[in-house]
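Here's a walk through one protein chain, written for someone who'd rather look at residues than read a table. Have the sequence and the 3D view open as you go.

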Amino acid sequence: MLQRTYLAAIREMIEDTDDIMAAVKDSAGLVMQPENAAALAGIEQEIIEVQETALGLHKAKQAHKITDGEYAVKISECGQCMKELEAQQAELQTAESRYAEVKAWLDSFEAHIKSGDILNADDGTIVKQPVEQIIVNDDGIEIQFKCGATIEKEYEAA
């Protein structure tokens, strides 16, 4: 009964594959990927500028154009700025990695849907790959996909 209900839910989902995949990609944040890449490039440019500033300060100190006190204060400011930029960079890189993982998963899932392999419940990998968990209720199941989408389906009769 669970297998029939799961397959019925997947069949319903397949009928609107394009709409569902667009919605899933939107909910997964893939539409933000270009903005994320642009933000990452901006952060990297800011890091280069801070490094150039620090190098300029070092050269100015060696040429005795600034005092040791001024140098220490400004280098400390550069160091704090670098810490903040590197934290932002790490966060954006983590998001970019997640986007890549989600995109690969969605591409695979979409290929399984379009080929019809998703309906082959005998292949446990295909059945399990997209699913985070299946919650069994008294009147049906709730299929929670790894991408965040959820399908609720009443039990299918024999």
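## A loop residue to start with

Where does His64 lie? You'll find His64 in the loop between α3 (33–62) and α4 (68–115). Keep in mind that this is a predicted model, so treat the loop, like the rest, as a prediction.

His64 has a positive phi of about 60 degrees, and it is not a glycine. Most residues other than glycine have a negative phi. As for cover, His64 counts as exposed because its relative accessibility is 70%, and the cut-off for exposed is over 50%.

## The overall layout

Stepping back, the protein chain is built from 5 helices and 3 strands. Read from the N terminus, the order is α-α-α-α-α-β-β-β, so the helices come before the strands in that run.

The chain has 158 residues, and 31% of them count as buried. About 9900 Å² of the protein chain is exposed, with carbon and sulfur atoms supplying 51% of that area. Now for contacts between residues at least 6 apart in sequence: 60% of these join residues at least 24 apart.

## Along helix α4

Three residues make handy stops on this helix. Gln89 lies in α4, and it counts as buried because its relative accessibility is 17%, with the cut-off at under 20%. What does Gln89 touch, not counting residues up to four places away in sequence? The list is Leu40, Ile43, Glu44 and Ile47.

Ala90 also lies in helix α4, but at 37% relative accessibility Ala90 counts as partly exposed. Ala90 and Leu40 are 50 residues apart in sequence, yet their C-alpha atoms are 9.2 Å apart in space. Leu40 also turns up among the residues that Gln89 touches.

Further along, Trp105 lies in helix α4 too. Trp105 is buried, with a relative accessible area of 12%. Its C-alpha atom is separated by 9.0 Å from that of Lys146, a residue 41 places away along the chain.

## The three strands

Strand β1 (residues 131–136) pairs with strand β2 (residues 140–145) in the antiparallel sense, over 5 bridges. A hairpin of 3 residues joins β1 to β2. β2 also pairs with β3, again antiparallel and over 5 bridges. So β2 has a pairing with β1 and another with β3.

For a couple of cross-strand landmarks, look at Ile134 and Glu142. Ile134 lies in strand β1, and its bridge partner in β2 is Ile143. Glu142 stands opposite Glu152 in β3.

Ile134 is worth a second look from the outside. At 40% relative accessibility, Ile134 counts as partly exposed. Together with Leu2 and Val136, Ile134 forms a nonpolar patch on the surface, and the three share about 250 Å² of accessible area.

## Lys153 and its partner

Strand β3 (residues 150–154) is where Lys153 sits. The strand has two faces: Ile151 and Lys153 are on the covered one, while Thr150, Glu152 and Glu154 are on the uncovered one. Is Lys153 buried or exposed? Lys153 counts as buried because its relative accessibility is 14%, and the cut-off is under 20%.

What is Lys153 in contact with, leaving aside its neighbours within four places in sequence? Thr5, Ala8, Ala9, Glu12, Gly140 and Ile141 are the residues in question.

Lys153 also has a charged partner close by in sequence number: Glu156. Their side chains meet in a salt bridge, with 3.2 Å from N to O. Side chains of opposite charge can pair when their charged atoms come close. The pair also shows up as a polar contact between the two side chains, at 3.2 Å. How many salt bridges does a search of the whole structure find? The search finds 1, and the pairing of Glu156 with Lys153 is a salt bridge.

The two partners differ in cover. Glu156 counts as partly exposed at 27% relative accessibility, whereas Lys153 is buried at 14%.

Terms used:
Residues are numbered from 1 along each chain as its sequence is written. This is a predicted model: local features need pLDDT of at least 70, side-chain atom pairs count only at pLDDT 80 or more; totals for chains, interfaces and linings use all residues. Side-chain values use heavy atoms; hydrogens and water are left out. Helices (H or I, at least four residues) and strands (E, at least two) are DSSP runs, numbered from the N terminus. Buried means under 20% relative accessible area, exposed over 50%, partly exposed in between (1.4 Å probe, protein chains only). A polar contact is a pair of N or O atoms within 3.5 Å; within protein, one must be able to donate a hydrogen and the other to accept it, and residues adjacent in sequence count only if both atoms are side-chain atoms. Contact means heavy atoms within 4.5 Å. Two strands pair if DSSP finds at least two bridges between them. A salt bridge is a side-chain nitrogen of Lys or Arg within 4 Å of a carboxyl oxygen of Asp or Glu. Patches are made of residues with over 30% relative accessible area and no salt bridge: like charges are joined within 9 Å, nonpolar side chains (Val, Leu, Ile, Met, Phe, Trp, Tyr) within 5 Å. Accessible areas come from the Shrake-Rupley method with a 1.4 Å probe; for residues, only the protein chains shown count as cover.
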